[in-house]
Amino acid sequence: MNEYTERLPQPDLIDVRPDEGFDEARLADYLRGKLPGVDGGMTVRQFGGGKANLTYLLRFASGREYVLRRPPLGPIAPSSHDMGREYRVLSVLHRAYPFAPRSWLYCEDSAVIGAAFQVMTRCRGIVVRERLPKPFADDPTAGRKMSGALVDALAALHAVDYADLGLAQLGKPAGFIQRQVDGWQRRWRRARLQEDPQVERIYRWLQKRVPKTSANTLVHNDPKLDNTMFAADDPARVVAILDWDMCTLGDPLSDLGALLTYWTQPDDPPPVRAIAMMPTSSQDFLSRDELVQRYASASRLQIADIRFYHVLGIFRLLVILQQIYIRYLRGQTQDQRFASLGAAVAALTEWALDIAGG
């Protein structure tokens with residue numbers, strides 16, 4: 001941590017939302033003696049940028065800081081938002097992959113804060129969301145630098161020897177893509193408000209085109225710009241990759257397809273640009289085609305039928321947003337950011353069908 005980084009504004013940090021708070025004294029008592037530097041008082045702030053798992057900054061009187069992550073409020077899909085999985089990965093991955101924050105502790109006792117949680121190292125840097133913060137906004141090459149660094153970091157993850165880290169049992173690579181297609185369809189049916197023939201069309205299209213997997217690697221399962229932290233003084237340097245609760249073993253091209261899903265372009269249809277999670281119109285980011293080329297060069301993997309993986313990524317995202325939206329409609333979260341997710345799901349459905357047909 002340098003002086004410049006310390007002076008950066010922290011717009012993601014907010015007071016804990018009333019419906020997402022917990023007994024802070026009980027947590028402090030639980031952590032005492034389990035982590036370095038947690039004696040004395042503890043203050044809690046919330047990172048307000050995410051839309052699924054809830055993330056908090058724990059700051060102790062000693063000056064030590066940690067990040068706590070827990071699942072969202074309300075019922076969640078089986079095996080999703082898995083803090084135990086995230087801890088299993090991050091407790092060892094940092095040894096071989098410099099962009100993985102270290103996880104220090106996992107607690108499955110929901111009596112402590114109301115849910116299972118894990119506590120990890122706090123990383124410092126810049127997370128880019130809908131707008132470019134300073135100083136990146138003043139650098140006309142920042143978009144291309146971030147693009148290349150993110151893709152290179154993803155390729156490096158796929159090159160990690162997961163068996164050497166004791167992660168060979170993290171998932172079942174055989175049949176991974178078929179399980180993804182069927183699993184997200186089951187989640188859709190549990191979260192939908194009503195029948196939707198258009199979403200069923202996407203599912204049938206994917207079912208007919210499941211490719212043969214050419215490699216099995218660690219798969220992050222949610223790679224995107226706002227899950228990437230960059231050095232405050234260098235947009236070409238990744239500090240950390242975040243959100244590992246869906247990490248597993250499988251086809252690395254599913255990660256590439258997921259990245260393309262979140263990677264909007266200035267020439268995308270207006271409904272797609274309206275749900276953009278990155279500032280594509282304000283900087284010269286790589287195009288999706290350029291991302292694929294960069295990944296192919298960095299990973300040296302054969303890229304076959306990337307259209308399938310892109311449609312699968314969109315299908316997965318629209319289901320995730322529907323799961324969040326249904327929690328909002330049922331009153332399981334009060335976060336007003338989720339009120340418009342129904343329109344986002346419709347836009348993603350149309351986009352997936354356009355790509356499938358194109």
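Two strands count as paired here if DSSP finds at least two bridges between them. On that basis, this predicted model contains an open sheet of 6 strands, ordered S1-S2-S3-S4-S6-S5, with antiparallel pairing. Its edge strands, each paired on one side only, are S1 (13-14) and S5 (103-107).

The sheet can be followed from the S1 edge. S1 and S2 run antiparallel and are joined by 2 bridges; Leu13 has Phe47 as its bridge partner in S2. Between S2 and S3 there are 6 bridges, again in the antiparallel sense, and Gln46 stands opposite Tyr56 in S3. S3 (residues 54-60) then pairs with S4 (residues 65-70), also antiparallel and over 6 bridges. In this pair, Leu57 has Val67 of S4 as its bridge partner. Helix H3 (residues 83-93) packs on the sheet, where it touches S4, S5 and S6 (117-121). The direction of H3 makes about 155° with that of S5.

Strand S2 (residues 42-47) shows how the side chains are distributed between the two faces. Met42, Val44 and Gln46 point to one face and are buried. Thr43, Arg45 and Phe47 point to the other face and are not buried. Gln46, the residue opposite Tyr56, is thus on the buried side of this alternation, whereas Phe47, the partner of Leu13, is on the side that is not buried.

The next topic is helix packing. Two packed helices are described by the angle between their axes and by the distance between those axes. For H6 (residues 197-207) and H10 (residues 306-329), the angle is about 145° and the axes are 10 Å apart. H6 passes H10 in a left-handed crossing. From H6, the contact uses Val199, Ile202, Tyr203, Trp205 and Leu206; from H10 it uses Arg307, Phe308, Val311, Leu312, Phe315 and Leu318. By class, these residues are 10 nonpolar, no polar and 1 charged.

Helix H6 also holds Arg204. With a relative accessible area of 46%, Arg204 is partly exposed, because that class lies between the 20% limit for buried and the 50% limit for exposed. Val181 is 23 residues from Arg204 in sequence, and the C-alpha atoms of the two are 9.5 Å apart in space.

A second helix pair is formed by H7 (residues 252-262) and H9 (residues 288-299), whose axes come within 10 Å and cross at roughly 155°. Angles over 145 degrees count as roughly antiparallel, and H7 and H9 are therefore roughly antiparallel to each other. H7 passes H9 in a right-handed crossing. On the H7 side the contact involves Pro252, Leu253, Leu256, Leu259 and Leu260, which meet Arg288, Leu291, Val292 and Tyr295 of H9. This contact has 8 nonpolar, no polar and 1 charged residues.

The last site is in a loop. Asn221 lies between strand S8 (217-219) and strand S9 (228-231). Is this loop residue buried or exposed? Asn221 is buried, because its relative accessible area is 8% and buried means under 20%. Leaving aside residues up to four places away in sequence, Asn221 touches Phe176, Gln180, Met246, Thr248, Asp255 and Arg316. Among these contacts, Asp255 falls within the residue range of H7 and Arg316 within that of H10.

Methods: Residues numbered from 1 in each chain as written. Predicted model: local features only at pLDDT ≥ 70, side-chain atom pairs only at ≥ 80, totals over all residues. Heavy atoms only, no water. Axes fitted to C-alpha atoms, helices over the stretch in contact; angles between N-to-C directions. Helix = DSSP H or I, 4+ residues; strand = E, 2+ residues; numbered from the N terminus. Parallel < 35°, antiparallel > 145°, perpendicular 65-115°, else oblique. Left-handed = near helix turned anticlockwise from the far one by under 90°. Contact = heavy atoms within 4.5 Å. Nonpolar A, V, L, I, M, F, W, Y, C, P; charged D, E, K, R; others polar. Buried < 20%, exposed > 50% of the residue type's maximum accessible area, 1.4 Å probe, protein only.
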